[in-house]
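Dear colleague,

I am handing over the structure below for your use. My notes on it follow, and I would be grateful if you would read them beside the coordinates.

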Amino acid sequence: MDAEQELRHVRGEGGGDPPPIGFELDELNFPGGPEALARAREVMAAVLTGQPLPSWFVDQCVDDAVIQTCNLERWSLRAWKFWLDRGNRRWWWWSAQPVDGRTRFTALVRTKPYLGGSLDWLWKASSS
């Protein structure tokens with residue numbers, strides 16, 4: 001899936017598309033309803049279009065200069081960007097909708113399991 005196709009899905013415009021051959025869908029649930037979904041969409045749209053990330057997201061990340069050990073509670077911006085790079089990421093945004101104060105997110109993946117820490121951090125920061 002290229003960036004333009006994924007951006008359509010981030011915007012909620014790819015709802016009727018069948019998954020590409022060789023891919024499967026993984027349904028996940030994340031905290032936060034419509035507000036968290038809007039924030040996650042804002043971040044992913046920035047990533048996919050090369051625009052600056054929203055300041056509220058950057059503020060949620062740990063400063064790389066002060067990292068001395070791995071911290072799974074808060075990601076550094078540099079590490080998050082590395083794992084969001086198209087060459088490193090193993091998931092793509094397929095669909096998302098708010099349901100009962102949570103967001104049902106569907107990732108497009110080649111195989112399970114896949115590295116999804118960057119996805120988890122996106123939703124954690126978006127729902128804070």
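**Loops and backbone geometry**

D100 is exposed, with a relative accessible area of 77%. Please bear in mind that the model is a predicted one. The residue sits in the loop that joins β2 and β3, and its phi is positive, at about 50 degrees, although D100 is not a glycine.

A second backbone feature is found in the loop between β3 (102-109) and α5, where P113 is placed. The peptide bond that leads from K112 to P113 is cis, and its omega is near -5 degrees.

**Overall fold**

The chain contains five helices and three strands. In sequence order these follow the pattern α-β-α-α-α-β-β-α. The radius of gyration is 14 Å, close to the 14 Å that the globule rule gives for 128 residues, so the chain is as compact as a globular protein of that length. The C-alpha trace spans about 45 × 30 × 25 Å along the principal axes.

Of the 128 residues, 38% count as buried. The accessible surface of the chain amounts to about 7200 Å², and carbon and sulfur atoms hold 52% of that area. Among contacts with a separation of 6 or more, 68% are between residues 24 or more positions apart.

**Helix α4 and the nonpolar patch**

Which residues of α4 are buried? They are L77, W80 and L84. These residues cover an arc of only 65 degrees around the axis, which puts them on the same side of α4. An α-helix has 3.6 residues a turn, so residues three or four places apart point the same way. The cover over the buried residues of α4 includes α2 (34-49), α3 (55-60), β2 (91-99) and α5 (117-126).

F82 also belongs to α4, which runs over residues 77-84. Because its relative accessibility is 44%, F82 counts as partly exposed, lying between the 20% limit for buried and the 50% limit for exposed. Together with W83 and L115, F82 makes a nonpolar surface patch of about 310 Å².

**R102 and its contacts**

R102 is placed in strand β3. With a relative accessible area of 37%, R102 is partly exposed. Its C-alpha atom is separated by 4.6 Å from that of G33, although the two residues are 69 residues apart along the chain. Neighbours within four places in sequence aside, R102 is in contact with N29, F30, P31, G32, G33 and Q97.

**E6, a buried acidic residue**

Is E6, in helix α1 (residues 3-10), buried or exposed? E6 counts as buried, because its relative accessibility is 0%. Which residues does E6 touch, not counting those up to four places away in sequence? They are M1, M44, L48, R86, R89, W91, W92 and W93. Of these, M44 and L48 fall within the range of α2 (34-49), while W91, W92 and W93 fall within that of β2 (91-99). Both α2 and β2 are also among the elements that cover the buried residues of α4.

I trust that these notes will serve as a guide when you examine the model.

With kind regards

Terms used
Residues numbered from 1 in each chain as written. Predicted model: local features only at pLDDT ≥ 70, side-chain atom pairs only at ≥ 80, totals over all residues. Heavy atoms only, no water. Patch = residues over 30% accessible without salt bridge, like charges linked within 9 Å, V, L, I, M, F, W, Y side chains within 5 Å. Areas by Shrake-Rupley, 256 points an atom, 1.4 Å probe, with all protein chains shown as cover. Salt bridge = Lys/Arg side-chain N within 4 Å of Asp/Glu carboxyl O. Helix = DSSP H or I, 4+ residues; strand = E, 2+ residues; numbered from the N terminus. Buried < 20%, exposed > 50% of the residue type's maximum accessible area, 1.4 Å probe, protein only. Arc of directions from axis to C-beta. Contact = heavy atoms within 4.5 Å. Rg over C-alpha atoms; globule rule 2.2 N^0.38 Å.
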